[in-house]
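Good morning, colleagues. Please take a moment to look at the sequence and the structure, which I shall now display.

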Amino acid sequence: MIGPSKRQASSCENLNHRRANAPVAHCPQCGGVVNQSLRGASRCDDTTHLQVRRTFAAYCIHCGTQLIAPLR
Ligand SMILES: [Zn+2]
Ligand SMILES: [Zn+2]
């Protein structure tokens, strides 16, 4: 599978990974898929991503696109 995240999901501590039914398709911290059934449920545009960015998510919770470059 080709995804936006090739980082190890195990290093992510976001609670969504532990939920059986996460309310979002992708983890906002690592971009990993947390709820397969929600993927593609909504289409993203710039406005959507602006709103997601305001929640301080590094990755879009809808499509997994990286919104904020990691601070290194
Ligand atoms: Zn994560
Ligand atoms: Zn998106």
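**Contacts around a cysteine**

Let me begin with Cys44, which touches His49, Cys60, His62, Cys63 and Thr65 once residues up to four places away in sequence are set aside. Before going further, I should state that this is a predicted model. Cys44 belongs to the segment before H1. Is Cys44 buried, exposed or partly exposed? Cys44 is partly exposed, because 15 other C-beta atoms lie within 10 Å, and a residue would need 20 or more to be called buried. One of its partners deserves a distance: Cys44 and Thr65 are 21 residues apart in sequence, while their C-alpha atoms are 9.5 Å apart in space.

I turn now to the overall picture. The protein has one helix and zero strands. Of its 72 residues, 26% count as buried. As for the contacts with a sequence separation of 6 or more, 36% of them are made by residues 24 or more positions apart.

Which residues make up the largest nonpolar core? There are twelve of them: Ala22, Val24, Ala25, Cys27, Cys30, Val33, Val34, Val52, Ala57, Tyr59, Cys60 and Ile61. Among these core residues is Val52, and beyond its neighbours within four places in sequence, Val52 is in contact with Ala57, Cys60, Ile61 and Leu67. Cys60 thus appears in the contact list of Val52 and also in that of Cys44.

Next, please consider His26, in the segment before helix H1, which spans 46–54. Why does His26 count as buried? His26 is buried because 27 other C-beta atoms are found within 10 Å, and the threshold for that class is 20 or more. With neighbours within four places in sequence left aside, the contacts of His26 include Gly31, Gly32, Val33 and Val34, and also Tyr59, Cys60, Ile61, His62, Cys63 and Gly64. For the pair His26 and Gly64, the sequence separation is 38 residues and the C-alpha to C-alpha distance is 5.4 Å.

A second cysteine in the segment before H1 is Cys12. Cys12 counts as partly exposed, because it has 18 C-beta neighbours inside 10 Å. Apart from neighbours within four places in sequence, Cys12 is in contact with His17, Cys27, Gln29, Cys30 and Gly32. Of these partners, Gln29 lies 17 residues from Cys12 in sequence and 7.2 Å from it in space, C-alpha to C-alpha. Two of the partners, Cys27 and Cys30, are also members of the largest nonpolar core.

I close with two exposed residues. Arg18 is placed in the segment before H1 and is exposed, as 9 other C-beta atoms lie within 10 Å. Between Arg18 and Val34, which are 16 residues apart along the chain, the C-alpha separation is 8.5 Å.

The other is Phe56, in the segment after H1. Phe56 counts as exposed because it has 10 C-beta neighbours inside 10 Å, and the limit for that class is 12 or fewer. What is the phi of Phe56? The angle is positive, about 65°, although Phe56 is not a glycine.

Conventions: Residues are numbered from 1 along each chain as its sequence is written. Chains are lettered from A and ligands numbered from 1 in the order in which they are written. This is a predicted model: local features need pLDDT of at least 70, side-chain atom pairs count only at pLDDT 80 or more; totals for chains, interfaces and linings use all residues. A nonpolar core is a set of buried Ala, Val, Leu, Ile, Met, Phe, Trp, Tyr and Cys residues joined through C-beta atoms within 7 Å. Two residues are in contact if their C-beta atoms, placed from the backbone, lie within 7 Å. Helices (H or I, at least four residues) and strands (E, at least two) are DSSP runs, numbered from the N terminus.
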